[in-house]
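Biologist: I have a chain with a ligand on my screen, and I keep tripping over the labels. Could you show me how each one is earned?

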Amino acid sequence: MFSCKTSPEVGGMGHSVKRKEDARFLHGKGNYTDDVKLPGMLSMVMVRSPYAYAKIKSINKEKALAIDGVLAVITGEDLAQYNLHWMPTLLSDTQMVLPTDTVMHQSQEVCAVIATDRYIAVDGAEAVDVQYEPMQAIVDPFKALDDDAPLLRPDKEGQKDNHIYHWERGDKAKTEAAIAAADVVVKERIHLPRIHVASIETCGVVASYDKDTEKMLIYLTSQAPHAIRTILALVAGHVGLSEEKIRIIAPDIGGGFGGKVPVYPGYVVAIAASFLIGKPVKWIEDRSENLVNGFARDYHMDCELAATKDGKIQAFKVSTLADHGYTDSSANPSKYPTGMFSICTGSYDYEHAFAELDAVYTNKAPGGVAYRCSFRVTEAVHAIERMVDKLAAELQMDPAEIRFKNFIKKDQFPYASPLGWSYDSGDYDATLKKAMEMVGYDDYKKEQAEKRAQGKLMGIGLCTFTEVVGAGPSKDFDILGIAMFDSAEIRVHPTGKAMARFGTKSQGQGHETTYAQILAEELGIPYTDIEIEEGDTDTAPYGLGTYASRSTPTAGAAAAIAARKLKDKGKKIAAHLLEVSEEDIEWEVGKYFVKGAPEKSKTIQDVAFAAYTNFPPGMEPGFEATHYYDPPNLTFPNGAYICVVEVDEETGAIDVKRFVAIDDCGNIINPMIVEGQVHGGLTQGIAPAMYEGIEYDDEGNVLNGTLMDYLVPTAVESPHWETGHTITPSPHHPLGAKGVAESPTVGAPPAIANAIIDALYPLGIKHLDIPITPAKVWEAIQEAKAKA
Ligand code: CDP
């Protein structure tokens, strides 16, 4: 177990200190993009398409412009004059900023109304007269590939059908041969539905162009402000926006979960409008706009898992159809168009695996958001974890036993996975054992047997996942060519207090506290004496932002190494002050002392003061350090989750009785923050498992575009989460830490689905796609009874 090296007052790693940022949030002093008010600021509202697929016959601005206070109506034709009507997505596809002739999904932005306030802008938007010629939308991704399906993207040179790309990993021939020769093969088509991140704060921007200084100041709900600055400069450089003139400030953010990584058309139009009008322009999405204009997941996965008859897994094959809507706007690194889906071989040791994916266009919103996961890990984990349970059911084996039989063992790390990853560390047996003890697995097994004998439906579901977080390394990971690493810059002031800035950007994860704790651990300066800043591109060192649980693996590591650079400099200063040679100086958290004479010492604060007042001759003054950390590998956190449910046969109602989550994220910086991350993540895991899914009718209308219909779970729906940890430090991370934030969102859905299917097993129900709602369960029960 991890033992703290620092006192609670210093508050280094392992201390559950309270979050420094919380006073500001609890007192209503958070400063979000919509809180920004600038003199003369205008408001922008979008006119949106009621159709999923239609030609635009005309846009008449007249009535809107006649309204007092409406200053402009900006159309695609207007932007086309500056070649700003299309933009690249983060995965090198193209997306309309505003259309010139065709709308491709319901609620697509058609034009923008700029007015002196939001109310007038809304009136103006209603007064714009757009004439459409509706066309038959393609909603079903399988039908999008039919030979007679209309070509949705004729604008793309060389595009002959609606197929976007094919990707594959692994040895197809060997995997298929192993499957053909196996004793047992289980197969299933698994759909992970289109869902939305539904963060509390929607997306928004305030753009303010100053014609005199030529500076563009942008307040943006962005998880990656530096990358967005570079992309804006590349896209809009030709109209005079060059990178040194763009300042992006990502203020407080009310939840991102991947949804605040991309560039949305509203951002670009507001920036263009401010540039043209010369006044600040604010655009804030409303809730429905937010809900229907982006998505995560939407993978249809055909899985085959092969094993010997005693349950030793031999091969896994998964062929996926990915519905990307009208453009592939996934935020994935270019070498990984399907993100880290190839982690789909899971926590198990076997030789043969093959994964392939075909992506298609449909008339739905662009998205492919990596919703609280490393670019498609949720999909991967759901596939393998459902299939392992299916195999256990087929072989009548206990799902825990089959997992123990197939786990990668502790001494096999670093483990080379069949699809090309090098897992850094883990002790999967210990993690699952701990979860089983905590839940009382054996007792539940007995209770289940008794309940089944009484005709009651009780299920126990397991998920033992391996995650992959912390992009870079830069050799493999990028955003539109910008290499992924991250950065920390520390300034220790003469009085021994400090300020540190990072290239990441918290959206509620507590970075202002945990980064200060890392520095406290390394330098011995109390965490309360260290201010943390992120999100301002004019001041923070360049970084790739926060998503995919990358902050701890990358910027957290950068902080530790920058602090170590400072410690090295401090050693020279201490030697000078103590009049001994550097070799005679030793370090103990917070102070330097003379070897063998611990009473002769200088605190880190003494040394910081001397760095400005009494440094050795020839030494560069000051006490500052910067590090850009390019990780040698990703980190591979893991977890064992167990869910116990009861299902009411009459109504299909599902009662989650217990949920135990044991996570292993290596060494923990702040246990209380990690627990909070796990609680929130688990709730975002039960969401798609039992409630959430964006639904469309055949015309491409979104059927649940409000929070009345799109069921985001609240505290009432959330079970009591029981959490715990095993600790297997990452061998390559300077602090032995791994990321944690997304693990629970990844691990919870299969645990819940497996529990519900296990409950329904006596009725012969072998699979249901999530969200598994009471209505879906009820229907499945009726069908099963009709068949029996
Ligand atoms: O990139 P993001 O901040 O979303 O994810 P993360 O690196 O997993 O960190 C989420 C929060 O948990 C941060 O405040 C981390 O410092 C904290 N954390 C921790 O205390 N110990 C760990 N081993 C991992 C994360």
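Modeller: Happy to; we will take the labels in turn, and please keep in mind that this is a predicted model.

Biologist: What makes a residue count as one of the 23 that surround the ligand?

Modeller: The cut-off is a heavy atom within 4 Å of the ligand. By that rule 23 residues surround the ligand, and the closest are Gln-509, His-511, Ser-551, Thr-552 and Val-740.

Biologist: Why is the pair between the ligand and the side chain of His-511 called a polar contact?

Modeller: A polar contact needs a pair of N or O atoms within 3.5 Å. An oxygen atom of the ligand sits 2.7 Å from an N or O atom in the His-511 side chain, so the pair qualifies. The side chain of Thr-514 also passes, with an N or O atom 2.8 Å from a ligand oxygen. For Ile-669 the partner is a polar backbone atom, 3.1 Å from a nitrogen atom of the ligand.

Biologist: How much of the ligand does the protein cover?

Modeller: On its own the ligand has 520 Å² of accessible area, and the protein covers 98% of that.

Biologist: Which helices supply at least two residues of the shell around the ligand?

Modeller: Helix 13 (511–523), helix 14 (552–578) and helix 16 (671–691) each do. Helix 16 gives the most, with three residues.

Biologist: How do the residues of the shell divide into nonpolar, polar and charged?

Modeller: The shell has nine nonpolar, 12 polar and two charged residues. Glycine is put with the polar group here.

Biologist: Which domains each give the shell at least three residues?

Modeller: Domain 1 (22–30 + 486–629) and domain 3 (296–471 + 633–787) both do. The centres of these two domains, taken over C-alpha atoms, are 39 Å apart.

Biologist: How many residues does each domain bring to their contact?

Modeller: Domain 1 brings 21 residues and domain 3 brings 21 residues, where contact means heavy atoms within 4.5 Å.

Biologist: Now the backbone. Why is Ser-107 singled out for its phi?

Modeller: Most residues other than glycine have a negative phi. Ser-107 is not a glycine, yet its phi is positive, about 75°. This serine, Ser-107, lies in the loop between strand 6 (102–103) and strand 7 (109–115).

Biologist: And what is the omega of the cis peptide bond from Ala-471 to Gly-472?

Modeller: That omega is near -5°. The bond from Gly-472 to Pro-473 is cis too, with omega near 10°. As a rule, most peptide bonds are trans. Gly-472 is in the loop between strand 20 (457–466) and strand 21 (478–479), and Pro-473 is also placed in the loop between strand 20 and strand 21.

Notes: Residues are numbered from 1 along each chain as its sequence is written. This is a predicted model: local features need pLDDT of at least 70, side-chain atom pairs count only at pLDDT 80 or more; totals for chains, interfaces and linings use all residues. Side-chain values use heavy atoms; hydrogens and water are left out. A polar contact is a pair of N or O atoms within 3.5 Å; within protein, one must be able to donate a hydrogen and the other to accept it, and residues adjacent in sequence count only if both atoms are side-chain atoms. Accessible areas come from the Shrake-Rupley method with a 1.4 Å probe; for residues, only the protein chains shown count as cover. Helices (H or I, at least four residues) and strands (E, at least two) are DSSP runs, numbered from the N terminus. Domain bounds come from an automatic or database domain assignment.
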